[in-house]
Amino acid sequence: MIKDMQKPVAAAVKRSINAAVLCVLLCWSGCGFADGIVIDKIYHPYVQLLEQELEWRTIFQDEQPAVADNTWLYQLAYGRSLSDRWFAELYLVGKKSAEQSFDIQAYELEAKWQLTEQGEFWADWGMLFELEKEANDDKWELAAAVLLEKEWRRWSGAANFYIVNEWGSSVENELESKLGLQARYRYSKAFEPAIEFYSGQDTRGLGPAFLGQRRMGNGQRLAWEFGAIFGLDNKSPNRTLRFLLEFEF
């Protein structure tokens, strides 16, 4: 009887996931893009119970038409799991460029929802929700993303499909979307080479990335990421460097 009940539940979950992905893909193909740095972290749809983390991210972007040169974006965050399915994180975002000294730009609240158990379906699924408020302006941003991951042998592929809505007195209400893809080779825990692709507001970028982690005992882990993404057209930034350091405890 339990098995008979599991089948329609699994089918309903699969239909919901497919509908969400289709919605994001349709919006990605048809809507405009808002301002902002597109190249960033690739998210994975997994949540660990009782996990806490401190995260530092740095992104450098240069030589993009109509954008200040030597743009740096800094993100400092604290996060923790709320259950075995939900993870919440609070970000402080700073920015500087050749035209602007360092300043706190925004505050962001983020929540990740693991939809399926690892290996339950042909791929693993999750959702990401982000709410951002500009520090010195009446500008808000709400984003929702479908997170997808698939493993085969020593390879792992991840996809992030975003829909973002912006509003406020200082900005026109608009809908944007963006896409991030990553193919990663699991050579070892300490070193995993990858290739990443990003698409969004005036940005099409492709390039290598390198990831690694080290277990430190007592459930602690130090993880790092570095990526160098190069523009694929004359509207994209010529180069974008991204660095991430994450301490889990």
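In what order do the elements of the protein chain run from the N terminus on? Hi everyone, that is where I'd like to begin. This is a predicted model, and its elements go α-β-β-β-β-β-β-β-β-β-β-β-β. Put as a tally, the protein chain has one helix and twelve strands.

Let's turn to the chain as a whole. It has 249 residues, and 44% of them count as buried. Now for the contacts. Taking those in the protein chain with a separation of 6 or more, 50% are between residues 24 or more positions apart. As for the outside, the accessible surface of the protein chain is about 13400 Å². Carbon and sulfur atoms account for 59% of that surface.

Now let's look inside. How many cavities of 30 Å³ or more does the structure hold? There are two, and I'd like to spend the rest of my time on the second largest cavity, with its volume of about 30 Å³.

Which residues line this second largest cavity? If you have the structure open, please find Asp-40 and Lys-41, then Arg-57, Thr-58 and Ile-59, and finally Arg-242, Phe-243 and Leu-244. Two strands each supply at least two residues of that lining: β1, covering 52-62, and β12, covering 239-248.

What about the chemistry of the lining? By class, the second largest cavity is lined by four charged residues, three nonpolar ones and one polar one. Among the lining residues you can pick out Asp-40 and Arg-242, along with Phe-243.

That's my tour, thanks for listening!

Conventions:
Residues numbered from 1 in each chain as written. Predicted model: local features only at pLDDT ≥ 70, side-chain atom pairs only at ≥ 80, totals over all residues. Heavy atoms only, no water. Helix = DSSP H or I, 4+ residues; strand = E, 2+ residues; numbered from the N terminus. Buried < 20%, exposed > 50% of the residue type's maximum accessible area, 1.4 Å probe, protein only. Contact = heavy atoms within 4.5 Å. Areas by Shrake-Rupley, 256 points an atom, 1.4 Å probe, with all protein chains shown as cover. 1 Å grid on protein atoms, 1.4 Å probe; cavity = no way out; pocket = protein on both sides within 12 Å on 5 of 7 lines; lining within 4 Å. Points joined across faces, edges and corners; volume = space filled by probe spheres on them. Nonpolar A, V, L, I, M, F, W, Y, C, P; charged D, E, K, R; others polar.
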